[in-house]
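Let's take a walk through this model together, starting with a sheet and ending in the protein interior. Have the 3D view open as you read.

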Amino acid sequence: MAIAVFGSQLFWLGPHPVDVGSSPLDYTTLSLVLFGAWLLTLTIAGTRQPRVIGYGVTEYRLVLGASLQLFGVFAIVAYLTGADVSRGYFLLSLPLGTIALLAGRALCRAWLRNRRRSGTFSARVLLVGSAVENERVAAELARQPAAGLHVVGAHELERTPGRASWDSERARVLHRELAESHADSVLISGGALLTAQDIRRIGWSLDPGRQHLIVAVNLTDVAGPRLHTRPVAGLPLVHIETPQFSAPQRIMKRAFDLIAASALVLALSPLLAALALLVRASGPGPILYRQERVGQGGAHFGMLKFRSMVDGADSRLHELLAAQGRDGTPLFKIDNDPRITRAGRWLRKYSLDELPQLFNVLGGQMSLVGPRPQRDAEVEFYDDDAHRRLMVRPGMSGLWQVSGRSALAWDDAIRLDLFYVENWSLVGDIVILARTFKAVVAPGDTAH
């Protein structure tokens, strides 16, 4: 922020002191005031709260909102006081400082995620609930180590006839387990065996300020923007917005697809031409491979790719699946597929064979981000839940592609796709595209 504010002053107004119009202030003093006010605004907005930092989009949303509000107030004050503030200085400071802030937070978050994967910089959580509830919550937290909730133990509750769910004996056992595991948080994994009074007593027994109580609602795969809490007469109510795509959301997503895909086609046109020549030189067959896939609402369309296999490869699919014991299973993936050409293996590793799908995006059959379109034979494996992934346009990239690529199991892939369908947002699409770029540049061992 200091570089953005004072750098804008230096670049736009030069190194010499300049007064702000008829005001007694000079721009150096104004920059100091703006810098200090910006820091204060970020603090008041809660952008550094421990429960906000490092996970989810709330941190970025708060930073962006605080920055826009500050500059809105700054512009109003300048207008009301008649201060003749340089528009160039003003218009440089806001975007540069905000971009620098978001980039800095992203870099710090990447470092924090790596540390949290090893259990450091995380809350040490002791689960309290039935065996099934503890197992469910532990599995969900293990999938997201970046959330900073590291499970160090579990206190298992059982339904015992003639005995209260929570009594002084259970309280003593819990405190002993807290001390032995050095846990700083108790997470109630479910309320099946605990009453509201039991949960309140557990909270009372914790050391205020040092030990914390967390209660897991019996919900999974619901993103933060859809959750709203409202205390009513001491009763914490959780409102869950039903997933829906409103007309403005659909228009916004389609406009983003058209603008971004058009820009990418123009920017990547030399690369597309070079890849076309490479595919042509790799062997007989067409440059583009068109495969029928199932799109939004079950409609079929021809998905385009650069050909990465030998001509006529589809006729050998079932033979190879049977040889690897995968015939009759979803996700038709072949290990060490002999049909892939030498050039095709390289194209697939860096996902360059997918680039022609930009024209599917422009044609309206696909989106830049969404569940990957699958074949009819794969859609036949869908249960009622999985069919919900057909509610939206399929995408060139999706949540499960940037969460494990070819290494994910079918159930995990479907779960991530359904999470995307239920919790879509434009900010989420931009984050997935950024992660896609990272996955393409550094594909790792799971890219096939």
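Which residue in β4 does Ser 185 stand opposite? In this predicted model, the partner of Ser 185 is His 212. Zoom out a little from that pair: β3, residues 185-188, is joined to β4 by four bridges, and the two strands run parallel.

These strands belong to an open sheet of four, ordered β2-β1-β3-β4 with parallel pairing. β2 (149-156) and β4 (212-215) each have a single partner strand, so one side of each is left without a neighbour in the sheet. Going from one strand to the next, the twist averages 30°.

Now look for the helices that pack on this sheet. Helix α6 (residues 168-181) touches β1 (123-129), β2 and β3, and its direction makes about 150° with that of β2. Helix α7 (residues 196-205) packs there too, touching β3 and β4, with its direction at about 155° to that of β4.

Next, on to the nonpolar cores. In soluble globular proteins, nonpolar side chains tend to be buried together. The largest nonpolar core here has 19 residues, and those touching the most other members are Leu 358, Val 361, Met 366, Leu 368, Met 396 and Ile 432. Two or more residues come from each of α8 (247-281), β8 (300-306), α11 (357-363), β9 (367-369) and α13 (410-422). A second core, separate from this one, holds 18 residues, including Val 5, Leu 30, Val 63 and Leu 94.

Finally, try selecting Met 366. Leaving aside residues up to four places away in sequence, its contacts include Phe 301, Met 303, Val 361 and Met 396, as well as Arg 254, Arg 372 and Arg 393.

Note on methods
Residues are numbered from 1 along each chain as its sequence is written. This is a predicted model: local features need pLDDT of at least 70, side-chain atom pairs count only at pLDDT 80 or more; totals for chains, interfaces and linings use all residues. Side-chain values use heavy atoms; hydrogens and water are left out. A nonpolar core is a set of buried Ala, Val, Leu, Ile, Met, Phe, Trp, Tyr and Cys residues joined through side-chain atoms within 4.5 Å. Buried means under 20% relative accessible area, exposed over 50%, partly exposed in between (1.4 Å probe, protein chains only). Contact means heavy atoms within 4.5 Å. Two strands pair if DSSP finds at least two bridges between them. Axes are lines fitted to C-alpha atoms, for helices over the stretch in contact, and angles run from 0 to 180 degrees between N-to-C directions.
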